[in-house]
Amino acid sequence: MSKKTDKLKSEFDEKLREGYTNYPPDDRDMQDAHGREKLDVDIAYNKTIPVIEEQVLVEKEVRETGSVHIAKEVHRENVDLDLPIIHEEAEIERVEINQYVDTPPPPVRYEGDKMIIPVLKEVLVVEKRLLVVEEIHVTRRRTEEHNTEHIELLREEIRVERKRNNPDRPER
């Protein structure tokens, strides 16, 4: 048993003994043949009954059982990427028309990928007419080139090592 438990037990025993010694001197007359206490109303009698309470004291102790070492490594990886680069070019073609028209054509019209812009000119005649001199045909072409770039990517890796202070004691 621990020292605290022994101390509590000895105090308990001592209080119990004190209670038995506080009987009046004629306590044998107060018991019958079977050892039971007789009740006599005329006798002034004080009996002390000890009341005992046990208490528990719990304490914690902090112990270092080990340490942890954390290491971080950076890994470098070279990667070749194929990146498309897109640009547009306009191809311009002049088409001669030289036709007279009664009403002006729309300023711009589209035929597929081609944008057509009419060019007008007023011509002085006895009468005034519109002559379509030419049309400008603009075709958009989309080209794609591939350009390889050399880049470096970083990747981190964590390593944890646990170090125990007492190698005889198992870890929890």
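This report describes the fold, the charged pairs and the surface of a predicted model.

**Overall make-up**

The chain has 172 residues, of which buried residues make up 10%. It holds 1 helix and 4 strands, and these follow one another along the sequence as α-β-β-β-β. Among contacts with a separation of 6 or more, 73% join residues 24 or more positions apart. The accessible surface of the chain is about 16000 Å², and carbon and sulfur atoms account for 50% of that surface.

**Salt bridges**

The count of salt bridges in the model comes to 11. Three of the pairs are listed here with the N to O distance.

| Acidic residue | Basic residue | N to O distance |
|---|---|---|
| E61 | R63 | 3.2 Å |
| E91 | R141 | 2.4 Å |
| E161 | R159 | 3.3 Å |

The side chains of E91 and R141 meet at 2.4 Å, N to O. This pair links distant parts of the chain: E91 belongs to strand 1 (residues 66-101) and R141 to strand 4 (residues 129-164), with their positions 50 residues apart in sequence. E91 has a relative accessible area of 32%, so it is classed as partly exposed. R141 has a relative accessibility of 47% and therefore also falls in the partly exposed class.

The bridge between E161 and R159 has its closest N and O atoms 3.3 Å apart. Both residues also belong to a network of salt bridges that includes E73. E161 is partly exposed because its relative accessibility is 35%, and R159 is partly exposed because its value is 37%.

In the pair formed by E61 and R63, the N to O distance is 3.2 Å. E61 and R63 are both exposed.

**Aromatic rings**

The structure holds 0 aromatic pairs. A charged side chain does lie over a ring, however: R129 sits over the face of Y100, 5.7 Å from the ring centre.

**Nonpolar surface patch**

V68, I70, I158 and V160 make a nonpolar surface patch of about 390 Å². Strand 1 and strand 4 each supply at least two residues of this patch. Strand 4 is where V160 lies. V160 has a relative accessible area of 55%, and because exposed means over 50%, V160 counts as exposed.

**The surroundings of K121**

Where along the chain is the place of K121? The residue is in strand 3, which covers residues 114-123. Is K121 buried or exposed? Its relative accessibility is 48%, and since the exposed class begins over 50% and the buried class lies under 20%, K121 is partly exposed.

Which residues is K121 in contact with, leaving aside its neighbours within four places in sequence? The residues are L131 and V133. V133 is 12 residues from K121 along the chain, and the C-alpha atoms of the two are separated by 6.9 Å.

**Summary**

Strand 1 and strand 4 recur in this account. The salt bridge of E91 and R141 has one residue in each of these strands, and both strands supply residues to the nonpolar patch. Strand 3 holds K121, which is in contact with L131 and V133.

Methods. Residues are numbered from 1 along each chain as its sequence is written. This is a predicted model: local features need pLDDT of at least 70, side-chain atom pairs count only at pLDDT 80 or more; totals for chains, interfaces and linings use all residues. Side-chain values use heavy atoms; hydrogens and water are left out. Buried means under 20% relative accessible area, exposed over 50%, partly exposed in between (1.4 Å probe, protein chains only). Contact means heavy atoms within 4.5 Å. Rings of Phe, Tyr and Trp (its six-membered ring) pair if their centres lie within 6.5 Å; planes under 30 degrees apart count as stacked, over 60 as edge-to-face and the rest as tilted. A charge sits over a ring if NZ of Lys or CZ of Arg is within 6 Å of the ring centre and within 35 degrees of the ring normal. A salt bridge is a side-chain nitrogen of Lys or Arg within 4 Å of a carboxyl oxygen of Asp or Glu. Patches are made of residues with over 30% relative accessible area and no salt bridge: like charges are joined within 9 Å, nonpolar side chains (Val, Leu, Ile, Met, Phe, Trp, Tyr) within 5 Å. Accessible areas come from the Shrake-Rupley method with a 1.4 Å probe; for residues, only the protein chains shown count as cover.
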